[in-house]
Amino acid sequence: MYRTIFAVAAIFTAGIMFAPAQNSNTVTSAPVLVPDTTHQNDPLPDGVLAFDATLKSVDATEGDDFARFTFSFTNVTPNIVTVLNVHPSCGCTTAELPPVPWQLIPGTNGQMKLTVNLAGKTGTVFKTVDFSTDKGKKQLMLRINLTPPPAIVMTEEQKAAGIAASKLDRQAVFKGDCASCHVKKVEGKFGQELFKSTCAICHEAANRATMVPDLANLKVPTTEAFWRTWITYGKPGSLMPSFAKSEGGPLDDIQIASLAQYLNTIHPSQAPPVGN
Ligand code: HEC
Ligand code: HEC
């Protein structure tokens, strides 16, 4: 009992004795970095960051997933330059850099990686990225030159073999070697993009076989349901496969609905609806 009271008294005394020391500890703890944001929207003056380039171009093939860029910059001032934030012009572009605020010590070099998602993109694509620092903002430009993939050239023998295999099994295009040309990456694709990667190979080929119809000039009345039914089931006894997963094809219901909607829009019915 006595001992407890004594111990409490000792701690109490010690607390008073060391109080000034504790205060000085608090004062010397690391300062929190509060970056100066007053200049973040001003143009970045010359002679602050030396960029390896402010416009970069890459070549890519339509159907590629991503284009990648790396920008490199050196702090050429005698002071710290703080990177505050990075804003790409579209949600399709992502930036990879150390957490911001990111302090660039004088004379050091930093790097930022940018990745542009190319889904659905064709031709020449421009993107910009605003790179803001406490000394001002720089706009970086990205250019992607997309060219169509080279046309696939097939010998008459290869074509005959394809047609023969499809006559035995119209789902053959989804299997083995056939799939390498006929079913290129359908995951995550819808509408026009899916049409290009899945249907165009047969229906838009310049030298397609005569039994492959021109979808823009069908003689029968067409509706969204017409497209959906053809895509889902194809036609037994012909070379038109069934695309629905439930029928052994590669596409899910949402993808098929997106194709039906796309086709019904770009190829409105050329014939009057039945019953009119
Ligand atoms: C392997 C080649 C091939 C692929 C791939 C293919 N088709 Fe076909 N398609 C055909 C052939 C051949 C026919 C003709 C069937 C017949 O004999 O009536 C046809 C018929 C059709 C028809 C019926 C047109 C009419 O005459 O009424 C539609 C609609 C159609 N295809 C849509 C599509 C769509 C959409 C896709 C992509 C999901 C696709 N096809 C992919 C070969 C193909
Ligand atoms: C090297 C890529 C490639 C491979 C592999 C391939 N095809 Fe094709 N296929 C094509 C192209 C391209 C067309 C469009 C017609 C053309 O350009 O000759 C086509 C068209 C077709 C057609 C429509 C008829 C026509 O000639 O227009 C069928 C049916 C077909 N292929 C089935 C198959 C089957 C089955 C296999 C596997 C045994 C296969 N293909 C392998 C590229 C390929």
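Which residue in β9 is the bridge partner of Leu55? Select Leu55 and look across to β9: the partner is Met141. Keep in mind on this tour that the model is predicted.

Now widen the selection to β2 and β9 (residues 136–147), which run as a parallel pair joined over 7 bridges. They belong to an open sheet of 5 strands, and you can walk through it in the order β2-β9-β8-β4-β6, with mixed pairing along the way. Color β2 (55–61) and β6 (102–104) next: these are the edges, and each has a single partner strand, so one side of each has no neighbour in the sheet. Look for the twist too, since neighbouring strands here are turned by 30° against each other on average, direction ignored.

Next stop: ligand 1. Pick its iron atom and show His203 and Met240, whose NE2 and SD atoms are the protein donors, 2.0 to 2.2 Å away. His203 sits in helix α5 (residues 200–203), while Met240 is in the loop between α6 (224–233) and α7 (253–266), so the pair ties together parts 37 residues apart in sequence. Count 6 donor atoms around the iron in total; their angles of 87 to 179° make the arrangement octahedral. His203 counts as buried, at 13% relative accessibility.

Then jump to ligand 2, which has 21 residues around it, with Cys178, Cys181 and Ala209 among the closest. Try three polar contacts:

- Lys159: a polar side-chain atom is 3.0 Å from a ligand oxygen.
- His182: a side-chain N or O atom is 2.9 Å from a ligand nitrogen.
- Asn207: a side-chain N or O atom is 3.1 Å from a ligand oxygen.

Finish by coloring α2 (156–168), α3 (176–182) and α5, the elements that each give two or more residues to this shell. The largest share, 5 residues, comes from α2.

Note on methods
Residues numbered from 1 in each chain as written. Chains lettered and ligands numbered in written order. Predicted model: local features only at pLDDT ≥ 70, side-chain atom pairs only at ≥ 80, totals over all residues. Heavy atoms only, no water. Donors = N, O, S within 2.8 Å, 3.2 Å for Na, K, Ca; no water. Tetrahedral: all angles 85-135°; square planar, octahedral: opposite > 155°, others 65-115°. Helix = DSSP H or I, 4+ residues; strand = E, 2+ residues; numbered from the N terminus. Buried < 20%, exposed > 50% of the residue type's maximum accessible area, 1.4 Å probe, protein only. Pairing = 2+ DSSP bridges. Axes fitted to C-alpha atoms, helices over the stretch in contact; angles between N-to-C directions. Near = heavy atom within 4 Å. Polar contact = N/O pair within 3.5 Å; in protein donor to acceptor, adjacent residues only side chain to side chain.
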